[in-house]
Amino acid sequence: MSTPATLVLPTIQGLAERLGAVLLEQKLMIGTAESCTGGLLAGAITAVAGSSDWFERGYVTYSNEAKSQELDVSEDVLSHYGAVSEPVALEMAGGVLLAVERARVAVSTTGIAGPGGATPGKPIGMVCFGFALRTGNGIVTRAATHIFPGDRSQVRHGAVEFALRGVLDMLGAPTQRN
């Protein structure tokens, strides 16, 4: 049976299941690097039975020091752009692939979940994402920023959904929002 190229999936669980199927089909392992989502993304992935076949590991790097030590995020990039920035998100995702040879795909989240922490130009709900894919020619990355409405829980769950959709899109298996 053929699967349509674009599916409508209503839940984080459904997205994680779809991601697992795509990663298995493409024989890829994924790793995560999380700040504002604090492990929720890895938790969504590992809620899928059999995820050990396609999930390599996850990093929760909440502090700048952890981002630098665990993922080799440049202190210069952190100080120039701030932790909540696309350059940091890209270095986080790329850092997973540099640290973990088996991982071929990585996604990162860094943002301001609230209720405090907003700064000029960086409102509550702003989350930056890094997506990385190891290819025969090196590591291909892309970044995205989205501002999520709602309270802390809604921002974090919105970020997990966005991250899962972003990885699926990067792997050529996009989904539509319902």
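## Sheet, pocket and backbone report

Glu34 stands opposite Val60 of strand E3. This pair belongs to a predicted model. Strand E2 (residues 30-34) and strand E3 (residues 55-60) run parallel and are joined by five bridges. Between E2 and E3 the chain passes through helix H2 (residues 40-46), and the resulting β-α-β crossover is right-handed.

**The sheet**

E2 and E3 are part of an open sheet of five strands, ordered E3-E2-E4-E5-E6, in which the pairing is mixed. E3 and strand E6 (138-147) form the edges, each pairing on one side only. Direction ignored, neighbouring strands of this sheet are turned by 15° against each other on average.

The antiparallel part of the sheet includes E4 and E5, which are joined by seven bridges. Within this pairing, Gly111 has Val127 of E5 as its bridge partner, and Val105 stands opposite Leu133 of E5. E5 also pairs with E6, again in the antiparallel sense, over ten bridges. Here Val127 has His146 of E6 as its bridge partner. The connection from E5 to E6 is a hairpin through two residues.

How many of the ten residues of E5 are buried? Eight of them are, so E5 is largely enclosed by the rest of the structure. The cut-off behind this statement is a relative accessible area under 20% for a buried residue. In a regular strand, side chains alternate between the two faces of the sheet.

The strand pairings with their bridge counts are listed below.

| Strand pair | Sense | Bridges |
|---|---|---|
| E2 and E3 | parallel | five |
| E4 and E5 | antiparallel | seven |
| E5 and E6 | antiparallel | ten |

**The largest pocket**

The largest pocket holds about 260 Å³ of space. Its lining consists of 16 residues, and those nearest the centre are Ser35, Ala83, Val84, Gly111 and Ile112. Gly111 is also the residue whose bridge partner in E5 is Val127. By class, the lining has six nonpolar, seven polar and three charged residues. Rolling a probe the size of a water molecule over the atoms shows where empty space is left.

**Backbone exceptions**

Most residues other than glycine have a negative phi, and most peptide bonds are trans. Several places in the chain depart from this.

Lys27 has a positive phi, near 55°. Lys27 sits in the loop between helix H1 (12-26) and E2. With a relative accessibility of 74%, Lys27 counts as exposed, because the cut-off for exposed is over 50%.

Asp72 has a positive phi as well, near 60°. Asp72 is placed in the loop between H3 and helix H4 (75-81). Its relative accessibility is 60%, so Asp72 counts as exposed.

Which peptide bond is cis? The bond joining Gly114 and Pro115 is cis, with omega at about 5°. Pro115 lies in the loop between strand E4 (105-111) and strand E5 (126-135).

**Glu65 in helix H3**

Glu65 is found in helix H3 (residues 64-71). Is Glu65 buried or exposed? Glu65 is exposed, because its relative accessible area is 55%. Between Glu65 and Leu78 there is a separation of 13 residues in sequence, and their C-alpha atoms are 9.8 Å apart in space.

How values were computed. Residues numbered from 1 in each chain as written. Predicted model: local features only at pLDDT ≥ 70, side-chain atom pairs only at ≥ 80, totals over all residues. Heavy atoms only, no water. Helix = DSSP H or I, 4+ residues; strand = E, 2+ residues; numbered from the N terminus. Buried < 20%, exposed > 50% of the residue type's maximum accessible area, 1.4 Å probe, protein only. 1 Å grid on protein atoms, 1.4 Å probe; cavity = no way out; pocket = protein on both sides within 12 Å on 5 of 7 lines; lining within 4 Å. Points joined across faces, edges and corners; volume = space filled by probe spheres on them. Nonpolar A, V, L, I, M, F, W, Y, C, P; charged D, E, K, R; others polar. Pairing = 2+ DSSP bridges. Right-handed = clockwise from strand over helix to strand, strands pointing away. Axes fitted to C-alpha atoms, helices over the stretch in contact; angles between N-to-C directions.
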